[in-house]
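Biologist: I have a structure open and would like to learn how to read its features. Could you walk me through it?
Modeller: Gladly; here it is.
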Amino acid sequence: MAEHGEEKLLAVARHIAKTLGHNDSTADDILQIFSNFDGRFSRDKLSEKMGDGDPRSCAALEHTLKSLDRQISQYVAADQPIWADSVDAGAFLDAVDELIATLREWHPMTGEKSVAACLDRAEDLLQQAMFRVEDEFRSLMERGGESFELSRPLGPGESAGNYLFDSEDEDDDGGMIGCGDDHQIPIAHPISDYDILIDALPSVTINDLHEIAKRMVAAGFGKECSHVYSSCRREFLEESISRLGLQKLSIEEIQKMAWCDLEDQIERWTKAATVALRILFPSERRLCDRVFFGFSSAANLSFMEVCRGSTIQLLNFADAVAIGSRSPERLFKVLDVFETLRDLMPEFEAVFSDQYCLLLRNEAITIWRRLGEAIRGILMELENLIRRDPAKSEVPGGGLHPITRYVMNYLRAACRSRQTLEQVFNESIDDRTSSSSLSVQMAWIMELLESNLEVKSRIYRDPALCSVFMMNNGKYIVQKVKDSELGLLLGDDWIRKHTAKIRQYQVNYQRSSWNKVLAVLKADNTSLAPNPSLNTMRERLRLFNLHFDETCRAQSTWFIFDEQLREELRISVVENLSQVYRNFLGRLQSVPEAGKHPEKLIKYSVEEIGARVNGLFQRGSGGGGGGGGK
């Protein structure tokens, strides 16, 4: 061995002299320096045919390569897996290590023809070894994946979104599904805690994979190793996502889905995305880091290749939802997708933190913002819906209009996600602004609704019924605002202002309806004659009865949906009528011509007037929106 070492040392010295010497004179000077430095570098030994190579220097390399060829070739040609026996695996890796070291050691002397020829053979041998190592790597990945602990199939009523693939190193107590040994798929375990990581491969297998990866990277086959690794793990990960219930659909297919089907897919997506970002992807990240420990670039590349397909599948689904229809009924599911992606953004930042995953991370942020734009667009479409809702026909009895019930229940439901909506609308708002743009948006929608209702109220020919319509719808609006997050957005001033409007509608109702009835009786009070005749009083009473009957008959189908408002309106009408009517009857009884039995001239008593009024406003016609306000 000492002889071989000296030959290699002399070969290196000759190579340096030949490389650095621009001519024979310079090369001779360099050889002289070596000779003076160490006695082993005698001038005779160093000057022997540098250009033709040194057979003795190549002999050591030949000897080493023959030995390595024998060792490696027997494993490369073996029919059985090398890693089936740990002793064989260790011996094979030792031989590969020596081959790699030999190539590195002799590389500086590739200028020597004989050395270069030997190194070419060594490269061929290394490539054969790497092909076999690659197969062993793949085999370990596949066998390791089959050793999971597997559970039962899903039972009736159980959601795939609540299940997760799991493993326990060497234990295998469960069942398999699939077609043949090469396509066995583990069945998911139920989980209740997302704050966990799983080991998808046994620790022994991970250690073996790491040892192989270390040699492949050292030999310059790092990309091939990453490719094998990622192809195996990618198939597992995509199957895991599929088993969580999410179909693999294109953006076009998602956009063509019926809304009821898409709603179901969104629920599945939410669960799948949560499991993927909080359990599956972090577990794959840890597995990559263990297999490629010490080789961060290979680990990052492999992880990206493993997760890219599944991540793009999840993001494409969210993108399809974001760029889909702006129909108002989609708001709530779009909010679900937005909130899920928002809540998972820290996981995106943590798991996809390296340079290879930068595009995936940026794409997630882009799609999340696009979902925010979709939410704003949906509320703009709600505005258009209100504007376009035509004033075709009146709601029977002045009851609630369907657009009022729809918009208010819609906004009330939307405001259950008030914080999310504020986040969406505040993105373009200066922090110094006192009110959020969401409150401005809600106030604007309410103004559009009110304007739309005012247009619809003009369909009614009776001004009193027009007031009842506005009173009903205004009261419903205020109630919904006060009983929900809308109240916080619109504020107390808005509520006071619109409560005052309802009171004004009450005044307008009485003025346009009962004031005409009262005017008949009040006309007598303003007469210049201090003692009106019986005929005059009788005519006044006849006109009062006529107008009263007509008014009650006309309003018998009118409806006030709110019990408190209905009672307040009755009390107000009864008080005004009773006071004036009682005064009139007193004057009638004081007329001398009325005789001893003036009650014969009276159709209604004061109590009967009150009872007749109290029977109003409690029956709907059954028409659209004329019923109670839910």
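Biologist: How many salt bridges does a search of the whole structure find?
Modeller: A salt bridge is a side-chain nitrogen of Lys or Arg within 4 Å of a carboxyl oxygen of Asp or Glu. By that rule, the search of the whole structure gives 30 salt bridges. Please keep in mind that this is a predicted model, where local features need pLDDT of at least 70, side-chain atom pairs count only at pLDDT 80 or more, and totals for chains, interfaces and linings use all residues. Residues are numbered from 1 along each chain as its sequence is written, and side-chain values use heavy atoms, with hydrogens and water left out.

Biologist: Which residue meets Arg278 in a salt bridge?
Modeller: The partner is Glu347, with 3.4 Å from N to O. This pair links distant parts of the chain: Arg278 belongs to helix H10 (residues 259-291) and Glu347 to helix H12 (residues 331-351), 69 residues apart. Helices here are DSSP runs (H or I, at least four residues), as are strands (E, at least two), and both are numbered from the N terminus.

Biologist: Is Arg278 buried or exposed?
Modeller: Buried means under 20% relative accessible area, exposed means over 50%, and partly exposed is in between (1.4 Å probe, protein chains only). Arg278 has 28%, so Arg278 is partly exposed.

Biologist: What about the salt bridge of Lys501 and Glu450?
Modeller: Their side chains meet at 2.4 Å, N to O. Because Lys501 lies in helix H18 (residues 486-525) and Glu450 in helix H16 (residues 437-457), the pair ties together parts 51 residues apart in sequence. Lys501 is partly exposed at 26% relative accessible area, whereas Glu450 is buried at 13%.

Biologist: Where do Arg542 and Glu539 lie?
Modeller: Both are in helix H19 (residues 534-555), three residues apart, so about one helical turn separates them. Their side chains form a salt bridge of 2.6 Å, N to O. Arg542 is partly exposed with a relative accessible area of 46%, and Glu539 is partly exposed at 33%. Elsewhere, salt bridges that share partners join Asp97, Glu211, Lys214 and Arg215 into one network.

Biologist: Now for helix packing. What describes two packed helices?
Modeller: The angle between their axes and the distance between the axes. Axes are lines fitted to C-alpha atoms, for helices over the stretch in contact, and angles run from 0 to 180 degrees between N-to-C directions. Take helix H8 (residues 222-243) and helix H11 (residues 296-322): their axes come within 9 Å and cross at roughly 30°. H8 and H11 are therefore roughly parallel, a label for angles under 35 degrees (over 145 is roughly antiparallel, 65 to 115 roughly perpendicular and the rest oblique).

Biologist: Is the crossing of H8 and H11 left-handed or right-handed?
Modeller: The crossing is right-handed: the near helix is turned clockwise from the far one by less than a right angle, while anticlockwise would be left-handed.

Biologist: Which residues make the contact?
Modeller: Contact means heavy atoms within 4.5 Å. Among them are Tyr229, Arg233 and Leu237 of H8, and Leu301, Glu305 and Val306 of H11.

Biologist: And the protein overall?
Modeller: The protein has 21 helices and four strands. Of its 630 residues, 48% are buried.
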